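Colleague: I've got the file open and would like to go through it with you. Let's take it piece by piece.

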Protein chains: 2
Amino acid sequence: MNDASSPPHRWVTMQDVARTAGVSTITVSRVLRTPEKVRAATRDRVQAAVRDLGYVPDQVAGSLSSRESRLVAALVSTLSGSIFASTVDGLARSLREADHQLLLGTTEYSTASEQALIATALSRRPDGIVLTSGEHTPAARAMLVGAGIPVVEVWELPEDPVDMAVGFSNFEAGRAMTRHLHAVGRQRIGFVGGSRPAAAGGDEGATEGDRRGRLRRQGYAAALAELGLGEPRVVPDPAGGSMVERGARDLAALLERWPDTDAVFCSSDSVALGALSEARRRGIAVPDRLAVAGFGDFEFAGDSGLGLTTVSIPGHAIGAEAGRLLLAAKRGEKPTARILDLGFAIIRRATA
Amino acid sequence: MNDASSPPHRWVTMQDVARTAGVSTITVSRVLRTPEKVRAATRDRVQAAVRDLGYVPDQVAGSLSSRESRLVAALVSTLSGSIFASTVDGLARSLREADHQLLLGTTEYSTASEQALIATALSRRPDGIVLTSGEHTPAARAMLVGAGIPVVEVWELPEDPVDMAVGFSNFEAGRAMTRHLHAVGRQRIGFVGGSRPAAAGGDEGATEGDRRGRLRRQGYAAALAELGLGEPRVVPDPAGGSMVERGARDLAALLERWPDTDAVFCSSDSVALGALSEARRRGIAVPDRLAVAGFGDFEFAGDSGLGLTTVSIPGHAIGAEAGRLLLAAKRGEKPTARILDLGFAIIRRATA
DNA sequence: GAGGATTATGTTATCGATACCATCGACGAG
DNA sequence: CTCGTCGATGGTATCGATAACATAATCCTC
């Protein structure tokens, strides 16, 4: 189809419709956009022509003319991890209700690549932009601000958002789960996953996932300090392997170093799964001898599955709210708050 | 930001760049698109102006003028299930390498809504379109064909693709896994999940997920027949609940009806997880008394996790190939084949 | 039934780029 | 020294819609 030799495709234009309906193009435009402003008889004629010709409006031309693209760009680090998928899904949904469309880019966890993607996204003149990272290059920030469109950062709650933010506090979530483990009687609590040491010289080498995991770990450490539970029990986490593998490997290392550990908080449910499976391999009873808590409430964590105690995150709602905020801002409404904390929930199941 | 009263945002235009660089707009355009055709000195001046002014080209105007959008639309049923996320990720990746962008829409498993989305997607004049469903309304097919752009259907391999297709055969996968279960000594094999009966009057009420699950089940049934293993063991699957819950519930029902079942093939890994957990609850040894096989090779299925025997699907590769095919077709290359079968792999682990 | 208000429709300019063709200058060959 | 060629650059039309303004048709009221 459409090989090099074939003539360029000719779309039906608004002119064609106007001609067959015996009206001017602007009337066709009105029938499509503000039908109530056109007499019923004319409207019917135009609509018939639209149907007969199979007219599909050219939104590209429309956007250029109206200076409104009905497009929202979302830049996520990756879709693979299933972390952001539901957020993007929620976003797409809420945009669709308002007849807007979603332009998606994946940054692959690099702020440099994010910057490039922001530029290409802005070249489409979107009406808004959603970012899953709270960290941007200075140039990226400048472009975002300069674009003059609403910007929503999701998942993290940056201290100084570019514009608006929707998410929850990873730090508080880590703290809350650690306190929960203490509340159910644990005293020697370890942390597994998300503990790669920050690269020398700052955050350059650290990925977003690492950063978020680190925030949870900091919440964990804070809770330990508050509760007087001693020093954090964290083993350095060599890179490589899936999250599940890291969970298994790191739990082994942790138990090697602190054999009396009676609970572990894992930086994600995937990590927790690896930890659970390592515990089973070693014949360690969960939760009797070792409590295990995860993070994320992934599909497999539920009662019919792992029965994993975990932290539930409103991923879908974050996307939906981001869309709503964006559209409201586009309409000129002042947001009630620039930062929307959707919170999290401790889900108590069988493992802790 | 950008509230109703603020003046409409003024972007830097190519004219502005041209003026400050002391050249005409077309020269600016050439510097951006075909730099080698511009003298080095001029090029430098223009590039300096671009940088100084923070010029971001307007791709909307560019698309209108060049009749090429550098946009590919992808319509997926949902991103939430983690099924298509990696495919979209692969697609986004391969498009980005060719400097194209991705327009994403979610059809929510309805062909009617798919049709509407196709129309809005086409209004952006994309250079290609990717669909995760192999089933479309007649009007949708007509629009796709009429658009004159390459179309790739992914995941399923329709018998009569609109244009091109990339995926694997659900039927063959179901058949292969069933034969594997037989090969490892099982004789009384059941099927769990994906067995909601087709709605009366055809496929109207059935979702895509159901359809794919049904194809796997048909492959399962075919294998049983070939191997002389008796009638299919399938219980009707009441709707409702997550896949994991359905796996648990349906395994219970299946064992009730056929207590001597010695293996179950589950329509997805999530279903298998539910089945595994139900088996454990009942004290049924896996795989000794009951072998369990899944489908999809989700993250949690791996050796450090469930150790689930399953069928691995090249989800990411499907997306990447779809992108490659689309771009090749856009360049006018004839595809070697309209249907690309990327196959699947039986992953043997601990449960079967 | 005339005048003003209101509704329905049309005309023209414009959005910001690229396509197409024209022009200009430098350089080498004869 | 002149002509032809080629590389570099520019002018103008155009893509397909909408905005802004203008006008024609209809309505209502006194």
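Colleague: Which strand of chain A is joined to strand E1 (residues 71–76) of chain A by four bridges?

Modeller: Keep in mind that this is a predicted model: local features need pLDDT of at least 70, side-chain atom pairs count only at pLDDT 80 or more, and totals for chains, interfaces and linings use all residues. Residues are numbered from 1 along each chain as its sequence is written, with chains lettered from A and ligands numbered from 1 in the order in which they are written. Strands here are DSSP E runs of at least two residues and helices are H or I runs of at least four, numbered from the N terminus, and two strands pair if DSSP finds at least two bridges between them. Ala73(A) sits opposite Ile129(A), and the parallel partner of E1(A) is E3(A).

Colleague: And which strand pairs with E3(A) over three bridges?

Modeller: Val130(A) faces Val152(A) across that pairing. The two strands run in the parallel sense, and the partner is E4(A), residues 151–155.

Colleague: Are the residues on the two faces of E3(A) buried or exposed?

Modeller: In a regular strand the side chains alternate between the two faces of the sheet. I call a residue buried if 20 or more other C-beta atoms (placed from the backbone) lie within 10 Å of its own, exposed if 12 or fewer, and partly exposed in between. Gly128(A) and Val130(A) take one side of E3(A), Ile129(A) and Leu131(A) the other, and all of them are buried.

Colleague: Moving along the chain, which strands stand at the edges of the four-stranded open sheet in chain A?

Modeller: The order is E7-E6-E8-E9, with parallel pairing. E6(A), residues 189–192, pairs with E7(A) over two bridges, and Phe191(A) stands opposite Val234(A) there. Each edge strand has a single partner, so one side of each lacks a neighbour in the sheet; these are E7 (233–234) and E9 (291–293).

Colleague: What angle does helix H8 make with E8(A)?

Modeller: H8 (170–183) packs on that sheet, touching E6, E8 (263–266) and E9 of chain A. Contact is taken as C-beta atoms, placed from the backbone, within 7 Å, while axes are lines fitted to C-alpha atoms, for helices over the stretch in contact, with angles from 0 to 180 degrees between N-to-C directions. H11 (269–281) lies across E6, E8 and E9 too, at about 160° to E9(A). For H8 against E8(A), the angle is about 160°.

Colleague: Now the two chains together. What rotation superposes chain A on chain B?

Modeller: The fit is least squares on C-alpha atoms of residues with pLDDT of at least 70 in both copies. It gives an RMSD of 0.0 Å with a shift along the axis of 0.0 Å, and the rotation is 180°.

Colleague: Which C-alpha of chain A comes nearest to the axis?

Modeller: The copies are related as by a two-fold rotation axis. At 2.3 Å from it, the nearest is that of Leu103(A).

Colleague: Which strand of chain B does E2(A) pair with?

Modeller: The contact takes 60 residues from each of chain A and chain B. Among the elements of chain A that supply at least two residues to it are H5 (85–97), E2 (101–106) and H6 (111–122). Leu102(A) stands opposite Leu104(B), and three bridges run antiparallel between E2(A) and E2(B).

Colleague: What share of the interface residues of chain A are also interface residues in chain B?

Modeller: By class, the chain A side has 24 nonpolar, 25 polar and 11 charged residues (Ala, Val, Leu, Ile, Met, Phe, Trp, Tyr, Cys and Pro are nonpolar; Asp, Glu, Lys and Arg charged; the others, Gly among them, polar). The copies meet through the same surface, because the share is 100%.

Colleague: Last stop, the DNA. Which helix gives the most residues to the surface near strand D?

Modeller: Near means that a residue's C-beta atom, placed from the backbone, lies within 6 Å. There are 25 residues around strand D, with Thr13(A), Met14(A), Ser29(A), Ala61(A) and Ser65(A) coming nearest. The surface has 10 nonpolar, 11 polar and four charged residues, and with five residues the top contributor is H4(A).

Colleague: And for DNA strand C, which helix gives the most?

Modeller: Strand C is surrounded by 25 residues, the closest being Thr13(B), Met14(B), Ser29(B), Ala61(B) and Ser65(B). With five residues, the answer is H4(B).

Conventions: Contact = placed C-beta atoms within 7 Å.
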